[in-house]
Amino acid sequence: MAGVNQSQQLFIQAMMTQGALLEADVKQLYHSVLSGYGIVESSDEKSFDSFLTSLNHHLKLLDMQIVHSLMEDSYERWYGLVNRSADPGAKIATRYTLAELEFFNKVMETLATENGMASSTVLINMTQGLERKMTGSGAQSFLTSLIKSKWLREISTGKFGAGPRFVLELRPFLSDIFKEDVVICQLCREAVVRGDICGSEGCNIKLHLLCIARFAQGRVSIKCPGCHGDWTSDLPQIDFPGKKTDHPGITLSDQ
């Protein structure tokens, strides 16, 4: 890639191999890559952000970007190198068989429309409705591979949720793919996978838990941004990671 030095190339290769990395691991990778080439950089946040900004400047020419997002349930920050132009099907079409691709789409649809969680039993039973046959053991093995590749995460025994790659690579497309089945958070305007709903009758507003907590900082009660009635659900108590402007949406690393 023109204009990219060796340390940046190594960083990109590592990000492509890993698929997604926790914030601490990305920063460790950053320092390891630089030290490997004898480059001494400050360990502060500004140097790290500048490195990613420079890298994204070059990656834009390839329609790729390093982005980051907070997980909606754990509030961990994950980073990933994603293709910003490819549709979701193109992102994974070359990796799986036709049966696996059909099952993958069913799994992702379920997570996008069922508050971000589903039991292994529910997911495996979906194979019965596939056009291309897949055994239960084959489905279980495939779900395990999705966890390993970070598309899924096991929230508890037998309970699966959206993984970091789902959040980083697919969430920007969810409202286009599933239309009315996906709710947009009225506070950050991003698709809500995991969240809470307004308790007022007739109001279908759904918000990210993290956005609710940010909105409620310093307040004992809040109003629904949709119906303007009292927000009757419990306000989440969260020790915020990162900056005060953080929300679960996708963030380019040059912003």
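**Helix packing and salt bridges**

In this predicted model, helix H5 (residues 98–113) packs against helix H7 (residues 136–148) at an angle of about 65°, and their axes are 11 Å apart. That makes the two helices, H5 and H7, roughly perpendicular to each other, and their crossing is right-handed. On the H5 side, the contact is built from Glu100, Phe103, Phe104, Val107 and Met108, while H7 brings in Ala139, Phe142, Leu143 and Leu146. Sorted by character, the residues of this H5–H7 contact come out as 8 nonpolar, no polar and 1 charged.

Turning to charged pairs, the count comes to 5 salt bridges. One of them involves H5 again: arginine 132 and glutamate 102 meet through their side chains, at 3.6 Å from N to O. Arginine 132 sits in the loop between helix H6 (120–125) and H7, whereas glutamate 102 belongs to helix H5, so this pair ties together parts that are 30 residues apart in sequence. The two partners differ in burial: arginine 132 is partly exposed at 36% relative accessibility, but glutamate 102, at 14%, counts as buried.

Other salt bridges stay inside a single helix. Glutamate 23 pairs with lysine 27, with the closest N and O atoms 3.4 Å apart; both lie in helix H2 (residues 23–36), 4 residues apart, or about one turn of the helix. Glutamate 23 is partly exposed, its relative accessible area being 24%. In helix H8 (residues 164–170), arginine 165 and glutamate 169 are likewise 4 residues apart and so separated by about one helical turn. Their closest N and O atoms lie 3.1 Å apart in a salt bridge, and both residues, arginine 165 and glutamate 169, are buried.

Note on methods. Residues numbered from 1 in each chain as written. Predicted model: local features only at pLDDT ≥ 70, side-chain atom pairs only at ≥ 80, totals over all residues. Heavy atoms only, no water. Axes fitted to C-alpha atoms, helices over the stretch in contact; angles between N-to-C directions. Parallel < 35°, antiparallel > 145°, perpendicular 65-115°, else oblique. Left-handed = near helix turned anticlockwise from the far one by under 90°. Contact = heavy atoms within 4.5 Å. Nonpolar A, V, L, I, M, F, W, Y, C, P; charged D, E, K, R; others polar. Salt bridge = Lys/Arg side-chain N within 4 Å of Asp/Glu carboxyl O. Buried < 20%, exposed > 50% of the residue type's maximum accessible area, 1.4 Å probe, protein only.
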